[in-house]
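Trainee: Could you take me through one part of this model in close detail? I would like to look at the aromatic pairs and what surrounds them.

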Amino acid sequence: MNMTAQDIILRPVVTECSMKGMQNRKYTFKVAKKANKIEIAKAVEELFGVKVAKVNTMNCKGRYVRQGATGGYRPDWKKAIVTLTEDSKTIEFFDNMF
């Protein structure tokens, strides 16, 4: 499977919990479901020019939603929490968030 860095990192996850993690150099992203930890680390390093210490991933189940009488599930997705090394610079995109 040949995916580019843009195919792997889909979007940042901006929640209250993910904002607290940024103080510990942890950044949260929605990533491609088929991407593994090594591919995610390389993609973050390539896109943002930082050094990655470790990557934690989790598969998130789509939650149940209703629209009137009909109901269904949102799609499943994968979340990655990327921890940067101490000597790495921060990701500029998140700097003005808090």
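**The aromatic pairs and their surroundings**

Mentor: Happy to! Let's begin with the layout: along the sequence, the protein chain reads α-β-α-β-α-β-β-β-β-α, which gives 4 helices and 6 strands. Please keep in mind that this is a predicted model. The C-alpha atoms fill a box of roughly 55 × 35 × 20 Å along the principal axes, and 33% of the 98 residues count as buried.

Now to your topic. The structure holds 2 aromatic pairs. In one of them, the ring centres of Phe-29 and Phe-48 are 5.7 Å apart and the planes meet at 25°; because stacking is assigned to planes under 30 degrees apart, this pair is stacked. Phe-29 belongs to strand 2 (residues 26–31) and Phe-48 to helix 3 (residues 37–48), so the pair ties together parts that lie 19 residues apart in sequence. With 1% relative accessibility, Phe-29 counts as buried.

The other pair is made by Tyr-64 and Tyr-73. Their ring centres are 5.3 Å apart and their planes stand at 65°, so this pair is edge-to-face. Tyr-64 is partly exposed at 45% relative accessibility, while Tyr-73 is exposed, with a relative accessible area of 63%. The backbone also links these two tyrosines: Tyr-73, in strand 5, is the bridge partner of Tyr-64. Strand 4 (residues 64–67) and strand 5 (residues 70–73) pair in the antiparallel sense over 4 bridges. Together they form a hairpin with 2 residues between the strands, and Gly-68 in the turn has a positive phi of about 70°.

Let's go back to Phe-29 and look at the sheet around it. Strand 2 is part of an open sheet of 4 strands, in the order 1-2-6-3 with antiparallel pairing. Strand 1 (9–12) and strand 3 each have a single partner strand and stand at the edges, so one side of each is left without a neighbour in the sheet. On average, neighbouring strands of this sheet are turned by 35° against each other, direction ignored. Strand 1 and strand 2 run antiparallel and are joined by 3 bridges, with Pro-12 standing opposite Phe-29 of strand 2. Helix 3, the home of Phe-48, lies across strand 1, strand 2, strand 3 and strand 6, and runs at about 120° to strand 3.

Phe-29 also has a place in the largest nonpolar core. This core has 22 residues, of which Ile-9, Phe-29, Ile-40, Val-44 and Val-82 touch the most other members. Two or more residues each come from helix 1 (5–8), strand 2, helix 3, strand 3 (52–60) and strand 6. Helix 3 gives the largest share, 4 residues. To see how these parts meet, take Val-82: leaving out residues up to four places away in sequence, Val-82 touches Arg-25, Lys-26, Tyr-27, Phe-29, Ile-40, Val-44, Val-52, Lys-54 and Val-55. Three of the core residues singled out above, Phe-29, Ile-40 and Val-44, are on that list.

A few buried residues from other elements round out the view. Thr-28, in strand 2, is buried, with a relative accessible area of 8%. Beyond its neighbours within four places in sequence, Thr-28 is in contact with Pro-12, Val-13, Ser-18, Lys-79, Ala-80, Ile-81 and Phe-94. Thr-83, found in strand 6 (residues 77–84), is buried as well, at 11% relative accessible area. With the same neighbours in sequence left aside, the contacts of Thr-83 are Arg-25, Lys-26, Val-52, Ala-53 and Lys-54. Arg-25, Lys-26, Val-52 and Lys-54 are also touched by Val-82.

Lastly, Ile-8 sits in helix 1 and is buried, with a relative accessible area of 4%. Apart from neighbours within four places in sequence, Ile-8 is in contact with Met-3, Lys-30, Val-31, Ala-32, Ala-35, Glu-39, Ile-40 and Ala-43. One of these, Ile-40, is also in contact with Val-82. For the chain as a whole, residues 24 or more positions apart account for 61% of the contacts with a separation of 6 or more.

How values were computed. Residues are numbered from 1 along each chain as its sequence is written. This is a predicted model: local features need pLDDT of at least 70, side-chain atom pairs count only at pLDDT 80 or more; totals for chains, interfaces and linings use all residues. Side-chain values use heavy atoms; hydrogens and water are left out. Rings of Phe, Tyr and Trp (its six-membered ring) pair if their centres lie within 6.5 Å; planes under 30 degrees apart count as stacked, over 60 as edge-to-face and the rest as tilted. Buried means under 20% relative accessible area, exposed over 50%, partly exposed in between (1.4 Å probe, protein chains only). Contact means heavy atoms within 4.5 Å. Two strands pair if DSSP finds at least two bridges between them. A nonpolar core is a set of buried Ala, Val, Leu, Ile, Met, Phe, Trp, Tyr and Cys residues joined through side-chain atoms within 4.5 Å. Axes are lines fitted to C-alpha atoms, for helices over the stretch in contact, and angles run from 0 to 180 degrees between N-to-C directions.
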